[in-house]
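Student: I should like to ask for a close look at one part of this molecule, set in the context of the whole. Please begin with the overall form.

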Amino acid sequence: MSFGLGRGRALEPGLWGLEQSDLPPHDDGPLDPHTLFPTTKPSLELEIGSGKGTFLVQQASIQPDTNFLGIEWAGEFYRYAADRMRRHQLQNVRMLHGDATDFIRFWCADACLSVVHLYYSDPWPKKRHHKRRVLQSSSLDHLHRILKPEGQIHLVTDHFDLWAWYEALALEKQEIFAREEFRPPESADRGEMVGTNFERKYQAEERAVRAMTLRRRD
Ligand SMILES: C[S@@+](CC[C@H](N)C(=O)[O-])C[C@H]1O[C@@H](n2cnc3c(N)ncnc32)[C@H](O)[C@@H]1O
């Protein structure tokens, strides 16, 4: 199925797009995601489920000393986001096409990330699908491992049940993550929590948006 995101124009990820299948086999050892960028920067941030890449394009341009890696498993959205980054010629942002939960579990090296962003993640409302939610007890253990000490996870959702899920996990993991107030990124416009494409699309419905930050404890 095509969403027609290119509006008839071919989407060209170019050097901005990476396929998970092109990564070195994870049996060869952990991957330092800094190696996926032309230049190593003092910090690296990961966005899980980047959609059209709006947050990354906005934030990467005002935070040039940070590399940003977005992961998106929907092919057309991945291509749209990477094509957008290429057109902006942003050197500090790359898109990976694949499953973020596999990437953090199997590939990502220890203590390499400063921040993980998870904005408006799919809620998978049916109970039998809850195991498909990105944030799980086990994925939080991996996120703790791949974050630097004091590294942060930013969680934002407009889905009531998913928020309750996040709150329960924050409580379960309070020995390894401190729960803190979420602060909107510099790129957010006035009145926005983050300013992603999803957030702007549903802004008119005035849905309640909830957010928290989890900070790695050691
Ligand atoms: C509701 S959309 C939100 C997109 C974007 N964050 C925004 O706010 O505009 C959730 C996105 O996460 C992607 N996604 C969900 N689970 C994923 C996973 N395990 N790995 C990579 N992408 C995932 C979906 O394909 C979808 O594009």
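What radius of gyration would a compact globule with 218 residues have, and what is the value for the protein chain? After that, please examine helix α3 (residues 100-107) closely: which of its residues are buried, and against which elements do they pack?

Tutor: The model is a predicted one. A compact globule with 218 residues would have a radius of gyration near 17 Å, and the protein chain has 17 Å, so the two agree. Along the principal axes, its C-alpha atoms fill a box of roughly 45 × 45 × 35 Å. The contacts also deserve attention: among those in the protein chain with a separation of 6 or more, 79% join residues 24 or more positions apart. Buried residues make up 34% of the 218.

The protein chain contains 6 helices and 8 strands. Read from the N terminus, their order is β-β-α-β-α-β-α-β-α-β-α-β-α-β.

Within this arrangement, helix α3 has four residues to consider: A100, F103, I104 and W107 are buried. These four cover an arc of only 115° around the axis, and therefore lie on the same side of α3. The general geometry of helices is relevant here. An α-helix has 3.6 residues a turn, so residues three or four places apart point the same way. The packing partners of the buried residues of α3 are three strands, β2 (43-48), β3 (66-72) and β4 (93-97), together with one helix, α4 (137-146).

Helix α3 also bears on the ligand. The shell around the ligand comprises 21 residues, of which G49, G51, A100, T196 and F198 come nearest. The elements giving two or more residues to this shell are β3, α3 and α6 (197-202), with α6 giving the most, 3 residues. A100 thus appears twice in this account, as a buried residue of α3 and as one of the residues that come nearest to the ligand. By class, the shell has 10 nonpolar, 7 polar and 4 charged residues.

For context, the largest nonpolar core should be described as well. It holds 43 residues, and A81 and V116 touch the most other members. Helix α2 (residues 75-87) supplies the largest share of this core, 6 residues. Beyond its neighbours within four places in sequence, A81 is in contact with S50, K52, G53, L56, G70, E72 and M95. In soluble globular proteins, nonpolar side chains tend to be buried together.

Notes. Residues are numbered from 1 along each chain as its sequence is written. This is a predicted model: local features need pLDDT of at least 70, side-chain atom pairs count only at pLDDT 80 or more; totals for chains, interfaces and linings use all residues. A nonpolar core is a set of buried Ala, Val, Leu, Ile, Met, Phe, Trp, Tyr and Cys residues joined through C-beta atoms within 7 Å. A residue is buried if 20 or more other C-beta atoms lie within 10 Å of its own, exposed if 12 or fewer, and partly exposed in between; C-beta atoms are placed from the backbone. Two residues are in contact if their C-beta atoms, placed from the backbone, lie within 7 Å. The radius of gyration is taken over C-alpha atoms; the globule rule is 2.2 Å times the number of residues to the power 0.38. The arc is that of the directions from the helix axis to the C-beta atoms. A residue is near a molecule or strand if its C-beta atom, placed from the backbone, lies within 6 Å of it. Ala, Val, Leu, Ile, Met, Phe, Trp, Tyr, Cys and Pro count as nonpolar, Asp, Glu, Lys and Arg as charged, and the others, Gly among them, as polar.
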